[in-house]
Amino acid sequence: MDSHNTLEVNRLCVDYLLDDSEFRAVKEVSFNIRKGEIFGLAGESGCGKSTIAFAITQLLKPPAYISQGEILLNGENTLTMDKATLRKTRWNKVSMVFQSAMNSLNPVLTIEEQFRDMFYKHKGYDEQESARRATQLLDLVGIEANRLKDYPHQFSGGMRQRIVIAIGLALNPDLLVMDEPTTALDVVVQREILLQIHALRKEFGFSVLFITHDLSLMTQLCDRIGVMYQGELVEVAKAKDILLKPQHPYTQKLWHSIPAAFEQSMAVEEASL
Ligand SMILES: Nc1ncnc2c1ncn2[C@@H]1O[C@H](COP(=O)(O)OP(=O)(O)OP(=O)(O)O)[C@@H](O)[C@H]1O
C-alpha cells in the first residue's frame, strides 16, 4: 500500500444473494484515494456506486456481501478487522454522509444532544466539552451556536445537511464518504455546501469519496473521477481530463449529457473554488 493513499480498494466484488441465484453488482473494482483528495464516482443509476460506498464503510446489509477483494484504510484491511476495531474505524477513520439528512438525524434529540451522544460514545467527553466542540463544528459549516438547542425539524434542508456534515467531521475522519449528499437541495444551497467541503478538506486534509448524478457538480468539485458501468470501473482520470478527453465510449456518452457551455465555464468555476 502506498502511504500517500487514504483508501485502497483492490479487486472488490460485491454480490447480492437472490432467491435462486446471485447478482454481482460490483465487479473486480480497484481504485485508490490519496490523502486530501476528492474522488468522484460517476455512472448511471444502478451501476453499483452506492454498493461500493456501503462496502467501504462496512455498512452493507444482507442480501449483499463482499465476495472478493480488499479495502485498505490507511493500509489496514477493513475486511479482516474484528467487530470492535471496525466500530472504532467507522466514524473515527471513515464517516458517511447519506442521501437524506433528515434520516441521519434523530428527530427527537436536539442538535446538541446528537453531538453529545457521539462524543460521549467515542471520546468520553462530558457535556461541557461536547458543547464546546459542537459549537466549533457548527461554526465550520456556517451554523450559529445559538441553534444547538434546536431540533432537526426546526432547520431548513440545507442546514440539516450541513449539520450532518459537521457530525461526519466531528471525529476528524481520514475519509468522508458522501453519497448524493446534496441531491434534495436547491442548486444554490448545494453549491454553498460543496464549496464548504472543498475549503474544509483543504484545512483539515481529509479525503472524500463523492457520489452524485450531477456530473457538472462532480467535475467542479473532484480531483479525480472514476466512471462505472454495469458494476465495472471503466475509467479513472483527473476531472479535467475526463471531461475534455474521455477515453471510454461509455464515458464519452455520459459526458455528452453535460451542456457544452459548461465546459467553457470550467475555468471560471475552478478559479472560484
Ligand atoms: N437489496 C438488493 N437486492 C438485490 N439487488 C440489489 C439490492 N440493492 C441493490 N441491488 C442491485 O445492485 C446494483 C447496484 O445498485 P447501487 O444502489 O449500488 O447502484 P447506484 O449506482 O448507487 O445507483 P443509484 O445512482 O440509483 O443510487 C443494482 O443493479 C441494484 O439493482
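Helices and strands here are DSSP runs, numbered from the N terminus. The model is predicted.

**Exercise 1. Backbone outliers in loops**

Task: Find where Gln230 lies and state the sign of its phi.

Solution.
- Step 1. Locate the residue. Gln230 sits in the loop between β9 (224–229) and β10 (232–238).
- Step 2. Read the torsion. Its phi is near 45 degrees, which is positive, and the residue is not a glycine.
- Step 3. Set this against the usual case. Most residues other than glycine have a negative phi.
- Step 4. Check burial. Gln230 has 14 C-beta neighbours inside 10 Å, so it counts as partly exposed.

Task: Which loop holds Gln58, and which holds Pro63?

Solution.
- Step 1. Gln58 lies in the loop between α1 and β4. Pro63 lies in the loop between α1 and β4 as well.
- Step 2. Gln58 is not a glycine, yet its phi is positive, about 60 degrees.
- Step 3. Gln58 is partly exposed because it has 18 C-beta neighbours inside 10 Å. The cut-off for buried is 20 or more.
- Step 4. The peptide bond from Pro62 to Pro63 is cis, with omega near 15 degrees. Most peptide bonds are trans.

**Exercise 2. The ligand shell**

Task: Which elements give two or more residues to the shell around the ligand?

Solution.
- Step 1. List the shell. The ligand is surrounded by Tyr16, Phe23, Ala25, Gly43, Ser45, Gly46, Cys47, Gly48, Lys49, Ser50, Thr51 and Pro63.
- Step 2. Map the shell to elements. Those giving two or more residues are β2 (22–34) and α1 (49–56).
- Step 3. Rank the shares. The largest, three residues, comes from α1.
- Step 4. Sort by class. The shell has five nonpolar residues, six polar and one charged.
- Step 5. Link back to Exercise 1. Pro63, one of the shell residues, closes the cis peptide bond that starts at Pro62.

**Exercise 3. The nonpolar core**

Task: How many residues does the largest nonpolar core have, and which have the most contacts inside it?

Solution.
- Step 1. The core has 63 residues. Those with the most contacts inside it are Ile56, Leu175, Val177, Val208, Leu209 and Phe210.
- Step 2. Find the main contributor. Helix α6 (residues 157–169) gives the largest share, seven residues.
- Step 3. Check the domains. The core draws at least three residues from each of domain 1 (1–93 + 178–273) and domain 2 (99–172).
- Step 4. Follow one member. Beyond its neighbours within four places in sequence, Ile56 is in contact with Leu7, Ile71, Val94, Val177 and Leu209.

**Exercise 4. The domain contact**

Task: How many residues of domain 1 are in contact with domain 2?

Solution.
- Step 1. Fix the bounds. The assignment gives domain 1 (1–93 + 178–273) and domain 2 (99–172).
- Step 2. Take the spacing. The domain centres, over C-alpha atoms, are 25 Å apart.
- Step 3. Count contacts. On domain 1, 15 residues are in contact with 14 residues of domain 2.
- Step 4. Name the elements on the domain 1 side. α2 (83–92) and α7 (187–204) each supply at least two residues. The largest share, six residues, comes from α7.
- Step 5. Sort this side by class. It has nine nonpolar, four polar and two charged residues.

**Exercise 5. Two helices compared with expected spans**

Task: What spans do α6 and α4 reach, and which of their residues are buried?

Solution.
- Step 1. Take α6. It has 13 residues and reaches 19 Å from first C-alpha to last, close to the expected 18 Å at 1.5 Å a residue.
- Step 2. Count burial in α6. Because 11 of its 13 residues are buried, α6 is largely enclosed by the rest of the structure. Among them are Met159, Ile163, Ile167 and Leu169.
- Step 3. Take α4 (residues 111–123). Its 13 residues should span 18 Å at 1.5 Å a residue, and its end C-alpha atoms are 18 Å apart, so the two agree.
- Step 4. List burial in α4. Ile111, Gln114, Phe115, Arg116 and Phe119 are buried.
- Step 5. Apply the helix rule. An α-helix has 3.6 residues a turn, so residues three or four places apart point the same way.
- Step 6. Find the cover. α5 (127–140) and α6 are among what covers the buried residues of α4.
- Step 7. Look past the end. Gly124 follows α4 and has a positive phi, near 70 degrees.

Conventions
Residues numbered from 1 in each chain as written. Predicted model: local features only at pLDDT ≥ 70, side-chain atom pairs only at ≥ 80, totals over all residues. Near = placed C-beta within 6 Å. Helix = DSSP H or I, 4+ residues; strand = E, 2+ residues; numbered from the N terminus. Nonpolar A, V, L, I, M, F, W, Y, C, P; charged D, E, K, R; others polar. Core = buried A, V, L, I, M, F, W, Y, C linked by C-beta atoms within 7 Å. Buried ≥ 20, exposed ≤ 12 C-beta atoms within 10 Å, placed from the backbone. Domains from an automatic or database assignment. Contact = placed C-beta atoms within 7 Å. Expected span 1.5 Å × (residues − 1).
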